[in-house]
Amino acid sequence: MDAPLATSEAVVTAAPASRIDFEVIASLVRPGSRVLDVGCGDGSLLQILQTRRQVDGRGIELSQAGVNECVAKGLSVIQGDADRDLVHYPDDAFDYVILSQTIQATRNPKLVLQDLLRIGRRAIVSFPNFGHWSIRLSLGLYGRMPVTRNLSQSWYETPNIHFCTIRDFDGLVKEIGAKVETATALDATGQQMGMRMPWAFWNLFGEQAVFVLSRS
Amino acid sequence: MTIKAAGQLRKAETARNEAVEPSGPVAHFGPDEPLRLDAGRELSPFQIAYNTYGTLNADRSNAIYVCHALTGDHHVASTNPVTGRDGWWSSIIGPGKPIDTDRYFVICSNVIGGCMGSTGPASIDPATGEPYGLDLPVLTIRDMVRAQAMLVDRLGIDTLFAVIGGSMGGMQCLQWAVSYPERVFAALPIATGARHSSQNIAFHEVGRQAVMADPDWRAGRYILEGTRPHKGLAVARMAAHITYLSEAALQRKFGRNLQDREVLGFGFDADFQIESYLRHQGMTFVDRFDANSYLYMTRAMDYFDIAGDFGGRLGDAFKNTRTRFCLVSFSSDWLFPTEESRAVVHALNAAAASVSFVEIETDRGHDAFLLEEPEFFGAIRGFLSSAARARGIG
């Protein structure tokens, strides 16, 4: 049977730089601060932060290849993951703890978020918005789990097990009693969406969101 | 006497000569420079046999101290005078290799208590004119490192660019960072831990009991009495060797394959390849290693417990450290499992130290640190290169 549905219809064009959130995150970090990047990949964000913001940066990364790349770049990165390793860091160890595009892959996002705010005075969390219109379209109209350029793996192979919308995330922030210092949504072109736009608008047109949280 | 037996005897004689009068460089420390020991006594005079590779730069800033493991020695990247084989880490140390002797000045010494030229139980006790045997005080990893620091002083080096070691060498590496934090720019502890576990002490005790149960051990006075407890030492080595491998690797290499036969022998010869392999490991080991030294080395590892030295808080051992660390573990190492390295990483994180950590996927067990593993070599090369940039080494 030739299913008419195809992935191409569900594919959404992502921003030219797939990790456009790095730019936004870098702009949110105060120069000279102590930063932990959880799920730091090949260390690109840490490098941006070190050169542009002169931070004292550390990282945690799950993949051996990623850790090796980081180590070769001179970054201090340990092999580990958010669920298991954050608990071992002391309180207030960092000015910022960054979790970029990772929270949806953690086993226990709530505990991870609480740990972020325990070991960092601020947490910067970016995540793909599952409320984006293209995802709603894919699921609602085509009846298929979305495969986009940002979320390029099928449901059976994706490490992303805890998707949320911007609204969902805001709900979790309230539940753990944290404070949203700033929040930004990025549209499909990677542009920051207007601050005055209503939440519902962000939740529909924001492809990614970046939150800065602190303890209330 | 068979040719094989003659060869073994010759090797044992060479080993004995190397223990007393090593063929390479030796640093002598006279009565004015005693080695203060954790046992509360002093060792004096004493000597350290060592090798160096590469050239010390004008700033004296490119020295790397390589610490050897339990049965290793200072012939790390050059031919071993006893076995005639390449140095035990020749694959990683040399021109253009991860520990690049075109850039770095590499020092490796035989540990105190060893049997390849540094003062140990086979050395002559000046008080009696006889080999120390068990009269040598029990030594610790900290004692070994204290002696190494005296050698580094003697070589006119203030701060080491890096200290690197696997297993017992990794213990020394950690101890360096704890005892002399200001003298260690970078530390690379590999396949190690901050303490010896109960299971590891247990295996060592089996080995020691095997040595001491050999009637030729003669309460440690075998050199004087002209005997050699090679049967006991071989058993100790066989038991220990199993812990350096992994079940998966043994199965892959040997399986249940038979040795030089088609059917089971219904006897107690080495029917299986694994038995033959272990017997060979035991036999070749006793030709090159001193039995008493084996007791002292294993004891030193058993006593190692950095947290214990700091009221049970490992993080306190690394307080205010400025050393940059890179720890490496191997996924199939059950002697020093990844969790042991992770515990050190967590302590270093708690101390806000600069620390990297990578677990290498391999089925080759603890001994993987002696083997060519591309990811492992990549991590070492990358870490050292970036640290060298930070240190201003060209």
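The expected span of a helix is 1.5 Å times one less than its number of residues. Keep that rule at hand for the opening stop of this tour, which goes through a predicted model.

**Stop 1: helix α1 of chain B**

Select residues 3-20 of chain B, which form α1(B). With 18 residues at 1.5 Å a residue, α1(B) should span 26 Å, and its end C-alpha atoms do lie 26 Å apart, so the two values agree. Now colour B:A15, B:E18 and B:A19, the buried residues of this helix. Look down the axis of α1(B): the buried residues fall within an arc of 105 degrees, so they line one face of the helix. A general rule helps here: an α-helix has 3.6 residues a turn, so residues three or four places apart point the same way. Turn to the other side of α1(B), and you will find B:I3, B:A6, B:R10 and B:E13 exposed. To see part of the cover over the buried residues of α1(B), add α8 (273-288) of chain B.

**Stop 2: the two domains of chain B**

Next, colour chain B by its domain assignment: domain 1 takes 3-197 + 307-391, and domain 2 takes 201-298. The C-alpha centres of domain 1 and domain 2 of chain B are 25 Å apart. Where they touch, domain 1 of chain B contributes 31 residues and domain 2 of chain B contributes 21 residues. On the side of domain 1 of chain B that touches domain 2 of chain B, α1 (3-20) and β10 (130-131) of chain B each supply at least two residues. Which element gives the most to that side? It is the helix you have just left, α1(B), with 5 residues. Colour this side of domain 1 of chain B by class and you get 15 nonpolar, 11 polar and 5 charged residues.

**Stop 3: a buried glycine**

Select B:G120, in the loop between β8 and β9 (124-125) of chain B. Is B:G120 buried or exposed? A residue is buried if 20 or more other C-beta atoms lie within 10 Å of its own; B:G120 has 26 within that distance, so B:G120 is buried. Leaving aside neighbours within four places in sequence, show the contacts of B:G120: B:A19, B:I112, B:G113, B:G114, B:C115, B:L136, B:D290, B:S293 and B:Y296. One of these, B:A19, is also among the buried residues of α1(B). For a distance check, pick B:Y277: B:G120 and B:Y277 are 157 residues apart in sequence and 29 Å apart in space, C-alpha to C-alpha.

**Stop 4: strand β8 of chain B**

Step back along the chain to β8(B), residues 105-109, where 5 of 5 residues are buried. In a regular strand the side chains alternate between the two faces of the sheet. For β8(B), both faces are covered: B:F105, B:I107 and B:S109 are on one side, B:V106 and B:C108 on the other. Bring in β4 (residues 46-53) of chain B, which runs antiparallel to β8(B) and is joined to it by 4 bridges. Here B:Y50 has B:S109 as its bridge partner. Then add β5 (residues 63-67) of chain B, which pairs with β8(B) in the parallel sense, over 4 bridges. In that pairing, the partner of B:A63 is B:F105.

**Stop 5: where chain A meets chain B**

Now show both chains. Their contact takes 24 residues from chain B and 15 residues from chain A. On the chain B side, β13, α12 (338-350), β14 and α13 give two or more residues each. The largest share, 9 residues, comes from α13(B). By class, the chain B side has 11 nonpolar, 8 polar and 5 charged residues.

Zoom in on α13(B). Its 18 residues should span 26 Å at 1.5 Å a residue, and the 25 Å between its end C-alpha atoms agrees. Its buried residues include B:F376, B:A379, B:I380 and B:F383. Their cover includes α4 of chain A, together with β13 and β14 of chain B among others. Just past α13(B) sits B:G392, with a positive phi near 75 degrees.

Finish on α4(A), residues 64-72, where A:V67, A:N68, A:E69, A:C70 and A:V71 are buried. Their cover draws on both chains, including β2 (56-61) and β3 (76-79) of chain A and α13 (374-391) of chain B. After α4(A) comes A:G74, whose phi is positive, near 85 degrees.

How values were computed. Residues numbered from 1 in each chain as written. Chains lettered and ligands numbered in written order. Predicted model: local features only at pLDDT ≥ 70, side-chain atom pairs only at ≥ 80, totals over all residues. Domains from an automatic or database assignment. Contact = placed C-beta atoms within 7 Å. Nonpolar A, V, L, I, M, F, W, Y, C, P; charged D, E, K, R; others polar. Buried ≥ 20, exposed ≤ 12 C-beta atoms within 10 Å, placed from the backbone. Pairing = 2+ DSSP bridges. Arc of directions from axis to C-beta.
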